[in-house]
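This report looks at how side chains pack and pair in one protein chain. Please have the sequence and the 3D view open while reading.

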Amino acid sequence: MLKQLLGKLPRKSVKSDSLEDPSNDFSNGGIQRTTSLNGASPRPNTVKRTSSAVFPSSVIAGIEPLLPFKDAPASEKMSLFISKLSLCCIVFDFNDPTKNTTEKDLKRLTLLELLDFVASGPPRFSEPAILALCKMCAVNLFRVFPHNSRSSRSNSGGENDDDEPSFDPAWPHLQIVYDILLKFITSSSVEAKVAKKYINRSFILRVLDLYESEDPRERESLKAIMHRIYGKFMVYRPFIRKSISNIFYRFVFETERHNGITELLEIFASVIMGFALPLKEEHKIFLWRALIPLHKPKCLGVYFQQLSYCITQFIEKDPKLASTVIRGLLKYWPITNSQKEVMFLGEVEEILEAINMAEFQRVMVPLFWRIGCCINSSHFQVAERALLLWNNDQIFNLIAHNRQVILPIIFPSLEMNVQCHWNQSVLNLTLNVRNVFIEMDNMLFLDCHARFLEEQEKQTLAMEKRKEAWDRLENAASLQPMSGNTTAVLVTSCHD
C-alpha cells in the first residue's frame, strides 16, 4: 500500500515559469481531489492529490519522501522538504476511522517531521518551498463547511451555550498543518517579499472563511495565524481590516450567523492597541459602522465581552469617541430584551468611567432619559442594574456636577418606583438614590417634587376630562333613535 501511495507523487516536469506566476489562486480549481472530507468518494480506496504542475520534478525527482531529514545531506534537505510536502497533499476521509489507517499514520508522522524542520529554522526557504508549503496548507485546510451545520452556536442567541461544541474528526492532521503554517509565518527564514506572492489576498480570504468552523480548536489556531499574518505582511493590513469589516457587516445586516465573531474581535482588540495617534478617519468609521452595530444581533451575549473590550480600547485611544459610542448604544438599545439591556447598562458604566465632562454633557440628556426608563422597568434585574450606577464614584461625580439637568429627567421614574414597583430590592435601591439627591441638593429635590405633583395633578385633570367627554358621547349615542338596518351596539364605559 505504501508503494502505491508513493507512486501517486507527481513526477511530470513543468516549465519553470509556473513558480513565477502570481496568479496562483488557492480558491480556484487547481487542486484536484478524489476523496472528500465529507465522505463523498467517486472511487473507493483512492487518495487525493494535487496537480502535477504544483511541484517541479526537477526539485523532487529522485528524493525519497520517507527519508528522515537527519539522514539527508544539507544540500538536499530543501528538496526533501518539498517532497514531503507533496506527500502530505494527499487528504483522507476521517469520517471512517477504520479506513486508510496506515496511510493516515504515515501522513501524520510526515507532518510532524515537517513541523520540526520548519521550527528548526533552516537558513532560508526557497521560493519553490514556499509555494509547495502554501499549496499543502491550501489542500488540507481550505474547505467549505456544510450550510446546515454552520453558525448554530451564534444564531442561538446564547441560549445553547452549554451545548457540546462540534469537533472536526480530521483535527489530528489539521492541528499539525496549522502549527506548520504558524511556524512558517513566524520563521526568520521566510522572506516576506517572496512569501507575499503566495500568501496573497486570495489566501487570506480563504483563511478568513475558515472562521466559520464549528471546532473551537480550529478557530483558536486561526486566530494565532491571522495575528502573525497581520504582523508580518504590513502591506496586507488595510485589506485584512476591510475583509474583517465585511464579515461583520454581513453578520449584522444579513445573516446574524457566524461562529468566529468572538475570535475576530479578539484579533481586532490587539490591532486597535497598535493604532497610532491621532486615529485615522478610517478607524473611526470602522468603530461607527462595524463595531457599534454588532450590538444589534440577538446573540450579542456570545461575543459581548470581546466587543466591549474593543470599544473600550477605542475610547482609551481617543476619549472624544465616548459620546459617539453612547449615541450608538442608544440607537441599538434593546427595548424588549431584558438580558441585553443589562449588558448595555454594564457597558454604559464602563464608558462613563472613562468619559470626560465635555463629552458627558453632550449625551447626558438622552442617556439619562433611557436610564430613567430602565429604572421603571418591570424586570427587576434591569431596574437594579440602572440604580446601581449611583454606586460608581466616577458616575456619581458626573451626576453631581450636572444634577440641575439630570434630576428633573429621572425624578418621575424614582417617584413612580417608590409608589408602585413590585420588587422590594428595587424599592430599597430607589429610596437610597432618592436620599442621595436629597443630601446632594435638597432645594432642587423639593423643586422637582413640586413639579412632579403639579404634573400628576395635570394628568389627573386630563383623565377626568377624557372621562367626561366619553360619558357625554355615550349619553348622546343612547338618545339617538335606531332606524333602518342599524344594529344596536352596547357601549360600556371602561375607566380606571
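## The nonpolar core

In this predicted model, the largest nonpolar core has 138 residues, and those touching the most other members are Phe81, Phe125, Phe248, Leu291, Tyr303, Phe368 and Trp390. Helix α5 (residues 127-141) contributes the most to this core, with 11 residues. In soluble globular proteins, nonpolar side chains tend to be buried together.

Phe125 shows what such a position looks like in detail. Leaving aside residues up to four places away in sequence, Phe125 touches Met78, Phe81, Phe117, Val118, Ile130, Phe184, Ser187, Ser189 and Val190. One of these contacts, Phe81, is also listed with Phe125 among the core residues that touch the most other members.

## Salt bridges

Side chains of opposite charge can pair when their charged atoms come close. Across the whole structure, a search finds 18 salt bridges.

One of the pairs is Lys84 with Glu113, whose side chains meet at 3.2 Å, N to O. This pair links distant parts of the chain: Lys84 lies in helix α3 (residues 77-87) and Glu113 in helix α4 (residues 101-119), 29 residues apart. Lys84 counts as buried because its relative accessibility is 0%, under the 20% cut-off. Glu113, with a relative accessible area of 24%, is partly exposed.

## A pair with both partners buried

Glu263 and Arg219 also form a salt bridge, and their closest N and O atoms are 3.3 Å apart. Here, too, distant parts of the chain are linked, with Glu263 in helix α12 (residues 261-273) and Arg219 in helix α10 (residues 216-232), 44 residues apart.

Are the two partners buried or exposed? Glu263 has a relative accessibility of 7% and so counts as buried. Arg219 is buried as well, at 4% relative accessibility.

## A further pair and a network

Arg241 pairs with Glu282 in a salt bridge, the closest N and O atoms being 3.1 Å apart. Arg241 belongs to helix α11 (residues 237-255) and Glu282 to helix α13 (residues 281-291); the two residues are 41 apart and join distant parts of the chain. Arg241 is buried, at a relative accessible area of 11%, whereas Glu282 is partly exposed, at 37%.

Which residues are joined into one network by salt bridges that share partners? They are Arg143, Asp168 and Glu218.

Technical notes
Residues numbered from 1 in each chain as written. Predicted model: local features only at pLDDT ≥ 70, side-chain atom pairs only at ≥ 80, totals over all residues. Heavy atoms only, no water. Salt bridge = Lys/Arg side-chain N within 4 Å of Asp/Glu carboxyl O. Helix = DSSP H or I, 4+ residues; strand = E, 2+ residues; numbered from the N terminus. Buried < 20%, exposed > 50% of the residue type's maximum accessible area, 1.4 Å probe, protein only. Core = buried A, V, L, I, M, F, W, Y, C linked by side-chain atoms within 4.5 Å. Contact = heavy atoms within 4.5 Å.
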